[in-house]
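The following exercises introduce a protein model step by step. Please study the sequence and the structure before reading each solution.

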Amino acid sequence: MPASHGRNSLQPSRLSHAAGTAEPTCPRTLGPSGKRLPTPSPPTNRHLAAHRVAFFYELDRFTCPSSTRVSSGPASLPGRHNIHSPVDPGHQPLHPSRRPRYALLMAKLYFSFAAMNAGKSTLLLQAAYNYRERGMRPLLYTSALYATDGVGLISSRIGISEPAELYRAEDDLYLAIRDHTEAGKVDCVFVDEAQFLTPEQVWQLARVSDRLRIPVMCFGLRTDFRGKLFPGSAELLAIADVLREIRTICECGAKATMVVRQSPDGRVLVEGEQVSIEKSVYVSLCRKHWEEAVGRWPVLGP
Ligand SMILES: [Zn+2]
């Protein structure tokens, strides 16, 4: 497997081992004296499945379920039908001492953050579609601040949208999602506009991944138009298992990490409430041009 030495690789010797392609030149196959290490015993299907699952998770692919499910291998691979399920009815669980350690990492809390108009909702909807395409059930949430007539809708600028559950600041998302699982299996939870989560709700979502063993993927802005972290984003940056930056670019071509809020006549606003849900009044800029836009540069002397 060529990716075994890539920057995202996890335990290259194991991965190449899992793929069945030993690499004679790999220094990891040589002992301290330069002699070749003894070849390990052939892996079982259970080992192969565990390595595949770990590999795709560590790559942080939102399409990990589909990637795993379409990978080559016998259809009877353990956990193949649902790698997120804490209980796999297809086989007897391993004794804890023999259980692959990656089994404990099956559900994570993800935070994908970006400036405005980077395509967060598009990515969310695409990932949710991938789950549904495989016969799995994603659960979508968006902030009640975006509700239209009390109905939640996650919409992308490129014209796709999906209905979503609404969350309010006072909601307990752990209890709400647990109730959903009692009505039917939930394979993944997606949260749009995650910057509006309260810090406590971020912890509730962490419990969903830790205790309900359901992956939670949050998408949101990192900072507001003043350059300050949103409370929900700050908590996610603090405790999420996987952080992923979705890139967009400033008008100068550099990576845009900041947003400015503009009035309808194009003036840059430097004061106001943190929460404003009108996307059209935000522009993403790089840090350098953001400082200039909000009047922090050039610095005027006394
Ligand atoms: Zn710029």
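**Exercise 1.** What covers the buried residues of α7?

*Solution.* Some conventions come first. The model is predicted, so local features need pLDDT of at least 70 and side-chain atom pairs count only at pLDDT 80 or more, while totals for chains, interfaces and linings use all residues. Residues are numbered from 1 along each chain as its sequence is written.

Step 1. Helices (H or I, at least four residues) and strands (E, at least two) are DSSP runs, numbered from the N terminus. Helix α7 spans residues 231-239, and its buried residues are G232, S233, E235 and L236. A residue is buried if 20 or more other C-beta atoms lie within 10 Å of its own, exposed if 12 or fewer, and partly exposed in between, with C-beta atoms placed from the backbone.

Step 2. These buried residues line one face of the helix, because they fall within an arc of 165° when seen down the axis of α7. The arc is that of the directions from the helix axis to the C-beta atoms. As a general background, an α-helix has 3.6 residues a turn, so residues three or four places apart point the same way.

Step 3. The cover includes β1 (109-114), α6 and β6 (216-221). Contact here means that the C-beta atoms of two residues, placed from the backbone, lie within 7 Å.

Step 4. Helix α7 lies across β1, β6 and β7, and runs at about 130° to β6. Axes are lines fitted to C-alpha atoms, for helices over the stretch in contact, and angles run from 0 to 180 degrees between N-to-C directions.

**Exercise 2.** Give the order of the strands in the sheet of seven strands, and trace its pairings.

*Solution.* Step 1. The order is β3-β4-β2-β5-β6-β1-β7, in an open sheet with mixed pairing. Two strands pair if DSSP finds at least two bridges between them.

Step 2. The edge strands, each pairing on one side only, are β3 (152-155) and β7 (242-245). On average, neighbouring strands of this sheet are turned by 30° against each other, direction ignored.

Step 3. Strand β2 (residues 138-143) runs parallel to β5 and is joined to β5 by four bridges; P138 has C188 as its bridge partner in β5. Between β5 and β6 the pairing is parallel, over three bridges, and V191 has C218 as its bridge partner in β6. Strands β1 and β7 also run parallel, joined by four bridges, and F113 stands opposite E245 in β7.

Step 4. In strand β5 (residues 188-191), C188 and F190 point one way, V189 and V191 point the other way, and all are buried.

**Exercise 3.** Which residues touch the most other members of the largest nonpolar core?

*Solution.* Step 1. A nonpolar core is a set of buried Ala, Val, Leu, Ile, Met, Phe, Trp, Tyr and Cys residues joined through C-beta atoms within 7 Å.

Step 2. The largest core has 49 residues, and V189, F190, V191, V216 and C218 touch the most other members.

Step 3. Leaving out residues up to four places away in sequence, V216 touches L109, Y110, V189, V191, L205, V208 and S209.

**Exercise 4.** At what angle do α5 and α6 pack, and which residues meet?

*Solution.* Step 1. Helix α5 (residues 173-183) and helix α6 (residues 199-211) pack at about 35°, with their axes 8 Å apart.

Step 2. From α5, L173, Y174 and I177 meet Q201, Q204, L205, R207 and V208 of α6. The residues of this contact comprise five nonpolar, two polar and one charged. Here Ala, Val, Leu, Ile, Met, Phe, Trp, Tyr, Cys and Pro count as nonpolar, Asp, Glu, Lys and Arg as charged, and the others, Gly among them, as polar.

**Exercise 5.** Where do N117 and R213 lie, and what is their phi?

*Solution.* Step 1. N117 is in the loop between β1 and α4 (120-133), and R213 is in the loop between α6 and β6.

Step 2. N117 has a positive phi of about 60° although it is not a glycine; R213 also has a positive phi of about 60° and is not a glycine. Most residues other than glycine have a negative phi, and most peptide bonds are trans.

Step 3. N117 counts as partly exposed because it has 16 C-beta neighbours inside 10 Å. R213 counts as partly exposed with 15 such neighbours inside 10 Å.
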